[in-house]
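Please open the model in your viewer and keep the sequence panel beside it. The tour below moves from the whole chain to a few selections.

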Amino acid sequence: MRALRSFLIIIYDLLVGDDWTTAVGIAGGLALTAALVASGVAAWWLMPVVLPVLLTVSLYRVIRRSDRHPS
């Protein structure tokens, strides 16, 4: 049981890391892609759109946070 718990913690840290909102955005993008494909729509274009948007939002949040707390 201890080994399973350790494995799950490692997977969580790998997938979520420091920004859980990006992980949720990626999961949402994948779910939306799957839903579009299931309905017969070619959805190859969705993730290349979602990822730069998530990156921009993530960087904006970090920059905004660092402006509030200068070193």
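**The whole chain**

Begin with a cartoon view and follow the chain from the N terminus, where the elements run α-α-α. Bear in mind from the start that this is a predicted model. The secondary structure comes to three helices and zero strands.

Now show the C-alpha atoms alone and turn the protein along its principal axes, where these atoms fill a box of roughly 50 × 40 × 10 Å. The radius of gyration of the protein is 16 Å, whereas a compact globule of 71 residues would have one near 11 Å. Buried residues make up 17% of the 71 residues.

Next, switch on the surface and colour it by atom type. The protein exposes about 5900 Å², and carbon and sulfur atoms supply 72% of this area.

**A nonpolar patch**

Select Val41, Trp44, Trp45, Val49, Val53 and Val57, which form a nonpolar patch on the surface and together have about 600 Å² of accessible area. Two members of this patch are worth a separate look.

Centre first on Trp44, in the loop between helix H2 (20-38) and helix H3 (46-68). Trp44 counts as exposed because its relative accessible area is 69%, and the cut-off for that class is over 50%.

Then move to Val57, which is found in helix H3. With a relative accessible area of 44%, Val57 is partly exposed. If you add Ile26 to the selection and draw a distance from C-alpha to C-alpha, the two residues are 13 Å apart in space, while 31 residues separate them in sequence.

**The salt bridge**

How many salt bridges does the structure hold? The structure holds one, and to find it you should select Arg61 and Asp19 and show their side chains, whose closest N and O atoms are 2.9 Å apart. This pair links distant parts of the chain, since Arg61 lies in helix H3 and Asp19 in the loop between helix H1 (2-15) and H2, 42 residues apart. Side chains of opposite charge can pair when their charged atoms come close.

Is Asp19 buried or exposed? Asp19 counts as buried because its relative accessibility is 16%, which falls under the 20% cut-off. Arg61, its partner, is partly exposed, with a relative accessible area of 25%.

**All the charges**

Finally, select the charged side chains throughout the protein. There are 6 positive and 4 negative charges, and the mean positions of the two groups are 6 Å apart.

Note on methods: Residues are numbered from 1 along each chain as its sequence is written. This is a predicted model: local features need pLDDT of at least 70, side-chain atom pairs count only at pLDDT 80 or more; totals for chains, interfaces and linings use all residues. Side-chain values use heavy atoms; hydrogens and water are left out. Helices (H or I, at least four residues) and strands (E, at least two) are DSSP runs, numbered from the N terminus. The radius of gyration is taken over C-alpha atoms; the globule rule is 2.2 Å times the number of residues to the power 0.38. Buried means under 20% relative accessible area, exposed over 50%, partly exposed in between (1.4 Å probe, protein chains only). Accessible areas come from the Shrake-Rupley method with a 1.4 Å probe; for residues, only the protein chains shown count as cover. Lys and Arg count as positive and Asp and Glu as negative; His and the chain ends are not counted. The place of a charge is taken as NZ of Lys, CZ of Arg, CG of Asp or CD of Glu. Patches are made of residues with over 30% relative accessible area and no salt bridge: like charges are joined within 9 Å, nonpolar side chains (Val, Leu, Ile, Met, Phe, Trp, Tyr) within 5 Å. A salt bridge is a side-chain nitrogen of Lys or Arg within 4 Å of a carboxyl oxygen of Asp or Glu.
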